[in-house]
Structure formats: structure tokens, C-alpha cells
Amino acid sequence: SGVLNPLKTINEEIYSFADLKQKEIDELKKLEAFRKEFIADVSHELKTPIFAAQGFVHTLLDGAVNDKTVRTKFLKKAAKSLDGLDALVQDLLTLSHIETGQIKMHFESINMYALTEEVFEQFENKSEKKNVVLRIDGPPAKVMVYADWQRITQVMTNLISNAIKHSFEGGEVVVSFEIHKKSVVTYVKDSGEGIPQEHINRIFERFYRVDKSRSREKGGTGLGLAIVKHILDGHNTRAEVESTPGKGSIFSFKLPRAKHEKHEGTEHIESA
Ligand code: ADP
């Protein structure tokens, strides 16, 4: 008959599952474990700012609202938690878009120098507040690479944001390029606290932070470098890190040098 038998469907699935090779089964199990762990991590990360905001709002409702200084203080704290929640959801969406391939990579010749200048503009206020100088080292030449403008802008935004965040007051963030025959290496260097050696291999994992409470305090989502890793994966490359605790860190990545110098950075933005 044409009646759908759910049991039969399940059995068929079990049979087809049995056809899989052991290796594929292991792979599926690993994915399943990864998925579960991811959901657990995300739930925990979401709970932290929600719990904080909830606490401040309920304390206000319980009477703190009548005291003007306490009121302002608690509202500010609640707002900060909600801003953190917003940044977290934004980063999660970015990660999921990259993973599901919803944003197709769009490779073309892009000017890394122009791209860096644009990213620096975004951070003018933040760096001035911290008295951190943003500088591009090297001639303002066309540093052309073959890459996705939007995605590499995201990579540079995350690296530069981290560099400023972890810089000492009065320090500087320097971007430089090493131009080879077939590739360009971009360096983002900060003069800041650095990263202890034993953490370096783990900082690209989602939600991994060297100093949990301080990172949250600084507005970090713990996803910045995971996003960087994903995007660079999509460009068949990876970030390298060198760091000296107490002195600073250098993040770098290599991209293929573009043969045809078709686009200026800003031209591209308008057409995107
Ligand atoms: P977060 O949102 O916490 O900054 P990231 O994924 O961007 O998350 O970075 C992960 C961790 O790596 C940070 O919490 C910080 O401990 C460390 N880190 C990243 N960049 C730097 C840097 N330039 N200097 C020192 N530590 C850094």
C-alpha cells in the first residue's frame, strides 16, 4: 500500500547505515559529538550575559530603581551585558554563514594596503582612547593578493581588534607586508601582553580564552580567532602566531599574490 510505514523507513535507514564503512561511522560519531559539544558551549556562553542582565534588571525591580546612582550603574551594566550578547549572536551568525557556505567566497585581486587602511578607520576611536598608534609599515604600494575582500576584511578586523584590545596603553599596532614572488605575507603586530606559549595552539578554538574573565570584561566573544581560522581555511591558508609574554604578539597569514592588478580596494567595496 501507499501508506507510509515509519518503522520501515527507520529500518531502511538502519540498513543503509550498516552499509557505511567503519571509517564513515566514526566520522559521523565525531560530528555528532562535536555538534553536542558546540550546543553545550553556545548555551553556556549565551547564559552568561543573559544571567548578568537578568540579575541587574531584577535587582532594579526589587527596589534599587529608587536610588538614582544605583539605577544608572545597574542600567549601564545591564546594557553592557546585552551588548555582549548582541556581539556573540553576531559572531555566531558569521560562523554559521561561513560554515554553511551561505556566503560564497568571491575571489579577486584585492589591495591589502587599501583594505588595511579601511579597517584602521573603523578603529580610530578605540585606538585613540587607549592611546595606541595604528601604523602600516612599508611603502603605500599596491599590495595585491587574490582573495575575498569582505572575508579578509573580517580577518583583519578581528586581528586588529585583538591587537588593540591586548596592547599596552601608548603601544602601537603595526601592519606590514612581506612580498614574495608568488605570495604576500601580512603581519599584524602589537606591543601588548602577549600569549603564553602553552595557550598558543588553542586560541583558535571557539570560546577559548587565555584569561576568561578579563576577555569578557574587554567585550570578547571568544569567537574572533575561530572566525579567522575558518576564513583562512577557505583561502587554503592559516594564521601563524609568534608571541613573547610581556612584549607582544605577531599574527601573520600568507595569501597568493595576484597577477592582474584589476581592482583598487575601495572600487571593490562599491561593487560589492
Ligand atoms: P576574544 O573574543 O576573547 O578576543 P578571540 O578568539 O579573538 O576571542 O581570541 C581568543 C583569545 O586569544 C583571547 O581571549 C586572548 O586571550 C587571546 N588573544 C588573541 N589575540 C591576542 C593578542 N593580540 N594578544 C594577546 N592575546 C590575544
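Which residue in β7 is the bridge partner of V188? I started my notebook with that one, and I kept in mind that this is a predicted model.

**Entry 1: the strands around β5**

I looked up V188 and found that its bridge partner in β7 is F251. The two strands involved, β5 and β7 (residues 248-256), pair in the antiparallel sense over 7 bridges. Then I checked the pairing of β5 with β4 (residues 172-179), and there I found 7 bridges, again with the strands running antiparallel. β4 and β5 make a hairpin, with 3 residues between them. For one pair across that hairpin I noted V173, which stands opposite D190 in β5.

I also wanted to know how covered β5 (residues 183-190) is, and the strand turns out to be mostly covered, with 6 of its 8 residues buried.

**Entry 2: β6 and its two faces**

Next I went to β6 (residues 239-244). Its covered face is A239, V241 and S243, while E240, E242 and T244 make up the uncovered one. I reminded myself that side chains in a regular strand alternate between the two faces of the sheet. β6 is joined to β7 by 6 bridges, and the two run antiparallel. For E242 I wrote down I250 as the bridge partner in β7. These two strands form a hairpin with 3 residues between them, and in it G246 takes a positive phi near 90°.

**Entry 3: aromatic pairs**

How many aromatic pairs does the structure hold? I got 4. One of them is Y113 with F177, a tilted pair at 6.5 Å centre to centre and 45° between the planes. Y113 belongs to helix α4 (residues 112-122) and F177 to strand β4, so this pair ties together parts that are 64 residues apart in sequence. I checked the cover too: Y113 counts as buried at 12% relative accessibility, and F177 counts as buried at 16%.

Then I met F251 again, this time with F204: the pair is edge-to-face, with 6.3 Å centre to centre and 65° between the planes. F204 sits in the loop between α7 (197-200) and α8 (212-217) and F251 in strand β7, so parts 47 residues apart in sequence are tied together here. F204 is buried, with a relative accessible area of 15%, and F251 counts as buried at 9% relative accessibility.

I added one charge over a ring to this page: the charged end of R206 sits over the ring of F34, 4.7 Å from its centre.

**Entry 4: helix α2**

Does the span of α2 (residues 22-61) agree or disagree with what its 40 residues should give? At 1.5 Å a residue they should span 58 Å, and I found the end C-alpha atoms 57 Å apart, so the span agrees. I listed the buried residues of α2 as I25, V42, E45, P49, A53, F56 and L60. After α2 comes G63, with a positive phi near 130°.

**Entry 5: around the ligand**

My last stop was the ligand. Of the 20 residues around the ligand, I noted that D190, S215, T221, G222 and L225 come nearest. I had already met D190 as the residue in β5 opposite V173. Then I looked at oxygen atoms of the ligand: one is 2.7 Å from a polar backbone atom of G222. An N or O atom in the side chain of N162 is 2.9 Å from an oxygen atom of the ligand. For G224, I found a backbone N or O atom 3.3 Å from an oxygen atom of the ligand.

Technical notes. Residues numbered from 1 in each chain as written. Predicted model: local features only at pLDDT ≥ 70, side-chain atom pairs only at ≥ 80, totals over all residues. Heavy atoms only, no water. Buried < 20%, exposed > 50% of the residue type's maximum accessible area, 1.4 Å probe, protein only. Helix = DSSP H or I, 4+ residues; strand = E, 2+ residues; numbered from the N terminus. Pairing = 2+ DSSP bridges. Phe/Tyr/Trp six-rings, centres within 6.5 Å; stacked < 30°, edge-to-face > 60°. Lys NZ or Arg CZ within 6 Å of the ring centre and 35° of its normal. Expected span 1.5 Å × (residues − 1). Near = heavy atom within 4 Å. Polar contact = N/O pair within 3.5 Å; in protein donor to acceptor, adjacent residues only side chain to side chain.
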